[in-house]
Structures are given as C-alpha cells and as structure tokens.
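Let's take a walk through a protein together. Have the sequence and the 3D view ready, and follow along as we go.

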Amino acid sequence: MLDRYIALAEPLDAAAWDRVVSYRNTKGEASSQPLWQLVLHIVNHASYHRGQIATMLRQIGRAPVGTDLIAYYRSLPASRSTRPLSVTPFLTLFPASKQT
C-alpha cells in the first residue's frame, strides 16, 4: 500500500500540491482546501481515531496496543523498516511560502 501512496505523490509538483480540491464534508456542506492540507488532515485524523479507540479500551479495563508510529516502525524487521524514499513529495507539502 505504501508503494501506491508513493506512486501517487512522487510525480506531483508544488503546483499540484497547492491545487484546491472541492468536496462535500460529512454534513453535505460544500468545501474546498489545497491538496496538501487534505493529505495532512487524513494522516492526522487517523491518529485522532487511534487515540479514541485506545481511550475506549482503557475505559473498559483493557490495555490498548501501542499507537505510536515510530514504535511501529521500530518493531518491523530491518528489511521492512528501512526504505530509501525520495523526500521530495513530503517536502512539497511544506513550500517555503506556507511555513510559519
């Protein structure tokens, strides 16, 4: 799956990441955001839900598994946890004009 995400992101230049995407939210309201904001939202939102699930498990007396991404990477065999990736797609998410 990672390969598919990389294949989608690598060819995008800064203009493509800045492209405004129109959509309807879960309430059916029209909205639009730059692609780079939507991608970061998706990643962040998944973390939010992992935290919710961990909290629910604790509330019923269960011990949740770790949800820390770096801990997951450290648990992988070396052959799966090291991958030479181009950082260009990641860096284009943070063009100099958008950094604060």
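Start at the beginning of the chain and read along: the elements come in the order α-α-β-β-α-α-α-α. That gives 6 helices and 2 strands. Keep in mind that what you're looking at is a predicted model.

Now for the whole protein. Of its 100 residues, 15% are buried. The accessible surface adds up to about 8300 Å², and carbon and sulfur atoms own 60% of that. How do the contacts spread along the chain? Take those with a separation of 6 or more: 31% of them join residues 24 or more positions apart.

Let's head inside. Which residues make up the largest nonpolar core? There are 6 of them: Ala-9, Trp-17, Val-21, Leu-35, Trp-36 and Leu-38. The biggest contributor to this core is helix 3, residues 35-59, which supplies 3 residues.

Helix 3 deserves a stop of its own. With 25 residues, helix 3 stretches 36 Å from its first C-alpha to its last, close to the 36 Å you'd expect at 1.5 Å a residue. Its buried residues are Leu-35, Trp-36, Leu-38 and Ala-54. What do these buried residues pack against? Their partners are helix 2 (14-18), strand 1 (20-24) and strand 2 (30-34). Go just past the end of helix 3 and you'll meet Gly-61, which has a positive phi of about 80°.

Next, hop back to strand 1, where you'll find Val-20. Here's a nice example of how a chain can fold back on itself in space: Val-20 and Pro-34 are 14 residues apart along the chain, yet their C-alpha atoms are separated by 4.1 Å. Leaving out residues up to four places away in sequence, Val-20 touches Ser-32, Gln-33 and Pro-34.

Finally, come out to the surface. Met-1, Leu-2, Tyr-5 and Leu-8 form a nonpolar patch there, and together they have about 490 Å² of accessible area. One of them, Tyr-5, sits in helix 1, which covers residues 2-9. Is Tyr-5 buried or exposed? Tyr-5 counts as exposed because its relative accessible area is 52%, and the cut-off for exposed is over 50%.

Conventions. Residues numbered from 1 in each chain as written. Predicted model: local features only at pLDDT ≥ 70, side-chain atom pairs only at ≥ 80, totals over all residues. Heavy atoms only, no water. Core = buried A, V, L, I, M, F, W, Y, C linked by side-chain atoms within 4.5 Å. Buried < 20%, exposed > 50% of the residue type's maximum accessible area, 1.4 Å probe, protein only. Helix = DSSP H or I, 4+ residues; strand = E, 2+ residues; numbered from the N terminus. Patch = residues over 30% accessible without salt bridge, like charges linked within 9 Å, V, L, I, M, F, W, Y side chains within 5 Å. Areas by Shrake-Rupley, 256 points an atom, 1.4 Å probe, with all protein chains shown as cover. Salt bridge = Lys/Arg side-chain N within 4 Å of Asp/Glu carboxyl O. Expected span 1.5 Å × (residues − 1). Contact = heavy atoms within 4.5 Å.
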